[in-house]
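Here are some exercises to work through with the model open beside you. Try each task before you read its solution.

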Amino acid sequence: MCFRDAASRSAYAPGRVKRLGPSFTFQQQSNRHPGLDGARGLAVLAMVLGHTLDALLSPEARLHPWVQHYWAFRGVTAPLFLLVSGWAVVAALGTKPNSARDTLGRRVRRSLLLLFLGYLLHWPGWHAVRNMGWTDAMLSRVFAFDALQCIGFALLIGSVLLALVPARGGRPLVLLALAVAVPVASVTMWKLGVGLPAPVQQFLGSAEGSRFPFFPWAGFFFAGAFAASLLNVLKPGLPQGLALLAVGAALLGITQGLLVPDWGPASAWMVAYRVGQGLLVLGAVTLAPTRLSGLLAPLGRLSLWIYVLHLPVVYGWADIAGLASRVGPTLGIPAALGVATALLLVCAVVAKVGRWVTDQARPWRAGSTTLNASIGGTRMSPRA
């Protein structure tokens with residue numbers, strides 16, 4: 001097939017083909033929200049720095065005023081990560097009525113991958129499991145609930161519900177109900193979880209070691225998803241950025257001016273306050289110059305694998321000790337920052353290489369492009 005024939009095929013996907021790439025493949029024009037990758041990149045940058053500094057800084061270095069300010073900023077990194085994850089899920093659905101139903105299988109597989117990686121990161125090793133025996137302590141250790149588990153279960157539950165309800169009227173209502181109900185019900189769910197099996201307590205938040213229990217932390221995910229469904233009527237860029245700043249400022253004003261602060265681990269007030277902060281950050285990144293957000297966007301697109309790679313290095317895995325046990329807490333601020341920066345760069349490079357290898361091994365993977373047609377000789381192979 002000649003190039004003219006191949007190019008004519010692109011007419012069946014108007015507006016979706018951006019350009020002919022260097023590998024002679026049609027590449028999809030990106031419709032990603034301009035602030036999502038940047039905000040996710042900022043969150044993963046703060047996470048890697050925060051975890052590394054927390055593990056390596058000496059007690060004297062922790063007293064430095066700049067470190068204290070940074071600890072205060074760190075409070076918004078995990079909520080921002082969850083918030084942006086929820087936004088990205090709904091933004092990817094677009095406006096097609098059946099998009100949630102059509103992509104349900106892919107989203108279920110994604111949620112199962114997140115759950116697998118989340119529990120794998122907390123695997124204590126066979127030696128520790130044998131020593132603890134079949135006890136609640138062992139089950140709590142193996143099924144410790146962290147950020148990836150929270151996102152995985154929220155994605156699974158949210159995807160199923162969105163596939164069952166109408167896109168226009170039902171989607172925003174379901175997401176709003178989940179964004180409000182999950183934080184509000186957290187205290188009650190924690191009480192109901194007492195006495196239940198250890199994995200269930202980890203999920204609900206009743207057990208020790210549950211760092212990001214579903215109640216209330218999934219509220220951030222659903223809040224981001226609801227914000228995406230609410231603001232998708234606005235054009236990405238300046239309109240959405242200003243709307244995010246306005247909604248975030250309004251939430252902060254309500255939580256600080258009208259409600260009583262409550263920093264408890266199951267506090268609905270804390271969720272509303274952090275959602276306001278997260279929306280402000282997302283709005284600021286959306287309005288930031290493209291050159292600045294472009295520096296963070298590559299980290300955002302690799303955020304999952306950077307997160308997965310850096311945790312074992314910092315905290316160890318199974319019977320293998322990490323930097324926290326081998327080095328920390330002994331370093332000063334410059335040395336700890338150097339280690340954190342090097343770790344971030346190494347994880348980003350490994351993640352990038354891993355993605356490239358995966359792309360070469362599975363060029364047919366679903367969702368890679370809308371129209372990605374390889375031109376070679378006398379045939380064209382469309383890839384879904």
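**Exercise 1: the second largest pocket**

The second largest pocket has a lining of 25 residues, and those nearest its centre are Arg 74, Ala 78, Arg 211, Phe 212 and Trp 217. A pocket here is an open set of points on a 1 Å grid over the protein atoms alone, with protein on both sides within 12 Å along at least five of seven lines; a lining residue has an atom within 4 Å of a point. Before going on, note that this is a predicted model, where local features need pLDDT of at least 70 and side-chain atom pairs count only at pLDDT 80 or more, while totals for chains, interfaces and linings use all residues. Residues are numbered from 1 along each chain as its sequence is written, and side-chain values use heavy atoms, leaving out hydrogens and water.

Task: work out the volume of the second largest pocket, which helix gives the most to its lining, and how the lining divides by class.

Solution.
- Step 1: the space in this pocket comes to about 510 Å³, a volume being the space filled by probe spheres set on grid points that are joined across faces, edges and corners.
- Step 2: go through the helices (DSSP runs of H or I, at least four residues, numbered from the N terminus). H2, H4 (65–74), H5, H16 (268–287) and H18 (303–315) each supply at least two lining residues, and H2 gives the most, with four.
- Step 3: sort by class, with Ala, Val, Leu, Ile, Met, Phe, Trp, Tyr, Cys and Pro as nonpolar, Asp, Glu, Lys and Arg as charged, and the others, Gly among them, as polar. That gives 15 nonpolar, six polar and four charged residues.

**Exercise 2: helix H2 and its salt bridges**

Task: check the span of H2, then trace the salt bridges of Asp 37.

Solution.
- Step 1: take the expected span as 1.5 Å times one less than the number of residues. H2 (residues 36–56) has 21 residues and should therefore span 30 Å, and its end C-alpha atoms are indeed 30 Å apart.
- Step 2: look at how covered H2 is. Of its 21 residues, 18 are buried, where buried means under 20% relative accessible area, exposed over 50% and partly exposed in between (1.4 Å probe, protein chains only).
- Step 3: find the partner inside the helix. Asp 37 makes a salt bridge with Arg 40, the closest N and O atoms being 3.4 Å apart; the term needs a side-chain nitrogen of Lys or Arg within 4 Å of a carboxyl oxygen of Asp or Glu. Both residues sit in H2, three residues apart, about one turn of the helix.
- Step 4: find the partner outside. Asp 37 also meets Arg 301 in a salt bridge (3.5 Å, N to O). Arg 301 belongs to H17 (residues 290–301) and Asp 37 to H2, so this pair ties together parts 264 residues apart in sequence.
- Step 5: compare accessibility. Asp 37 is buried at 5% and Arg 40 is buried at 12%, whereas Arg 301 is partly exposed at 40%.
- Step 6: put it together: Asp 37, Arg 40 and Arg 301 are linked in a network of salt bridges.

**Exercise 3: a bridge between two loops**

Task: Arg 211 forms a salt bridge with Asp 146. Where does each partner lie, and is Arg 211 buried or exposed?

Solution.
- Step 1: the closest N and O atoms of Arg 211 and Asp 146 are 3.5 Å apart. Arg 211 is in the loop between H13 (198–204) and H14, Asp 146 is in the loop between H9 (136–142) and H10, and the two are 65 residues apart.
- Step 2: Arg 211 is exposed, with a relative accessible area of 54%, while Asp 146 is buried at 6%.

**Exercise 4: the largest cavity**

Task: how many cavities of 30 Å³ or more does the structure have, and which helix gives the largest share of the lining of the largest cavity?

Solution.
- Step 1: a search of the whole structure turns up one; a cavity is a set of grid points where a 1.4 Å probe fits but cannot get out. The volume of the largest cavity is about 50 Å³.
- Step 2: H5 (77–93), H10 (147–164) and H14 (214–231) each supply at least two lining residues, and H10 has the largest share, five residues.
- Step 3: by class, the lining has eight nonpolar, three polar and no charged residues.
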